[in-house]
Amino acid sequence: MRNPRHSAVAFSSKGVENSNWEFAALVAGTWNTLLVTTLAVPVAAFKLSVEYFWYRVFDDGRVETEFDLDTGQPTKWGLATPPGLEEVGWRPMTPELLQKIIAFQEFGVVSNRASPVTIKVSPDDDVIIARDGMIIKGALVKCKSCQYVFRSPKQPEICPACGIVPKWKCDTCNELYDTVAESQKCELCGSTCRVILPFFLTQHAWEEVTYLLGIRGKYLNKFTSNGLITVPDPDL
Ligand SMILES: [Zn+2]
Ligand SMILES: [Zn+2]
């Protein structure tokens, strides 16, 4: 059994030696709530879809990308911080490159919200760069009131579209409550109330990928296509 800290998928998903991949489990536990399991996915059995690909610029002007922009051929990152590195970052997948990487059994996603993330590298810097993926098991939720459909990693508490929330019902006296005491007892008759969910739930699993980019001991950027989070002094 692997150490859980190492069970997430970084560049190791592509068979790349990378001393940074120990940082891959940073977001594990985020979804550690009702109905949710973070699967320990065998590294070799699972490939993350690529929404961003890495690129790096050396002090002699050389530019390298994770996939050859003309052919789509993948490249290994190699050493954690190769000598002469001046700049490194993640670029969003493009529709053109997406078509090319398919020939190499790579899969991609093009997001219209994605924008490049870049950092400068000084000679003594140790770069942290990794792609951290999880399969989230949750529910596809359909609101009975407004028909809105959304993903939820846990029991949904509110419809994000119309705001409807679950109610509690006493079947003995037909009373409806917005909330009940922890005992779930009816205030009138003392029977146990049951929750009425205004949602249809279907089991659903999806992929969440977080991208990491930083300098060890200085700062760490973590981002998804939904936004950028900077951790000033990561406790790694
Ligand atoms: Zn709704
Ligand atoms: Zn009652």
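Okay, let's start with contacts along the chain: of the contacts in this protein with a separation of 6 or more, 64% are between residues 24 or more positions apart. Keep that in mind as we go through the parts. And one thing up front: this is a predicted model.

So, how confident is the predictor? The average pLDDT for the protein is 75, and 75% of the residues score at least 70. Among the elements, strand S2 has the highest mean, at 95, while strand S12, residues 227-231, has the lowest, at 57. Then there's the start of the chain: over residues 1-45 the pLDDT is below 50, and that stretch still has 88 contacts in the model beyond near neighbours in sequence.

Now the inventory. We have one helix and twelve strands. If you read along the sequence, the pattern is β-β-β-α-β-β-β-β-β-β-β-β-β. Out of 236 residues, 25% are buried.

Let's go to the four-stranded sheet. It's open, the pairing is antiparallel, and the order is S2-S1-S3-S4. S2 and S4, residues 117-120, are the edge strands, each pairing on one side only. From one strand to the next, the twist averages 15 degrees.

Let me walk across that sheet pair by pair. S2 and S1 run antiparallel and are joined by three bridges. You can find that pairing by looking for Val57, which sits opposite Val63 in S2. These two strands make a hairpin with four residues between them, and in that hairpin Gly61 has a positive phi near 95 degrees. Next step over, S1 and S3 pair, again antiparallel, over seven bridges. Here the residue to look for is Tyr52, standing opposite Pro92 in S3. And then S3 and S4 pair in the antiparallel sense over four bridges, with Val117 in S4 as the bridge partner of Trp90.

While we're in this region, have a look at Glu66. Where does Glu66 sit? It's in the loop between strand S2, which is 63-65, and strand S3, which is 85-92. Is Glu66 buried or exposed? Glu66 has 25 C-beta neighbours inside 10 Å, so it counts as buried. Which residues does Glu66 touch, once you leave aside neighbours within four places in sequence? Those contacts are Phe53, Trp54, Pro74 and Thr75. Trp77 is eleven residues away from Glu66 in sequence, and their C-alpha atoms are 7.3 Å apart.

Okay, on to the nonpolar cores. As general background, nonpolar side chains tend to be buried together in soluble globular proteins. In this model, the largest nonpolar core has 23 residues, and the members touching the most other members are Tyr52, Val127, Ile128, Ile129 and Leu212. So Tyr52, our marker opposite Pro92, turns up again in that list. Which elements give two or more residues to this core? They are strand S1 (52-58), S3, helix H1 (95-101), strand S5 (127-143) and strand S10 (199-215). There's also a second, separate core of five residues, including Ala139, Cys143, Cys159 and Phe199.

Last stop is the other sheet. This one is also open, with three strands in the order S8-S7-S9 and antiparallel pairing. Strand S8 (176-177) and strand S9 (194-196) are at the edges with a single partner strand each, so one side of each has no neighbour in the sheet. Between strand S7, residues 167-169, and S9, the antiparallel pairing runs over three bridges. In that pairing, Lys169 has Arg194 in S9 as its bridge partner.

Just along the chain, take a look at Cys170, in the loop between S7 and S8. Cys170 has 21 other C-beta atoms within 10 Å, so this residue is buried. Leaving aside neighbours within four places in sequence, what is Cys170 in contact with? The list is Glu175, Cys186, Leu188, Cys189, Ser191 and Cys193. Leu188 is 18 residues from Cys170 along the chain, and their C-alpha atoms are separated by 9.1 Å.

That's the tour. If you open the structure yourself, try finding Glu66 in its loop between S2 and S3, then Cys170 in the loop between S7 and S8.

Note on methods: Residues are numbered from 1 along each chain as its sequence is written. Chains are lettered from A and ligands numbered from 1 in the order in which they are written. This is a predicted model: local features need pLDDT of at least 70, side-chain atom pairs count only at pLDDT 80 or more; totals for chains, interfaces and linings use all residues. A residue is buried if 20 or more other C-beta atoms lie within 10 Å of its own, exposed if 12 or fewer, and partly exposed in between; C-beta atoms are placed from the backbone. Two residues are in contact if their C-beta atoms, placed from the backbone, lie within 7 Å. pLDDT is the predictor's confidence in each residue, from 0 to 100. Two strands pair if DSSP finds at least two bridges between them. A nonpolar core is a set of buried Ala, Val, Leu, Ile, Met, Phe, Trp, Tyr and Cys residues joined through C-beta atoms within 7 Å. Axes are lines fitted to C-alpha atoms, for helices over the stretch in contact, and angles run from 0 to 180 degrees between N-to-C directions.
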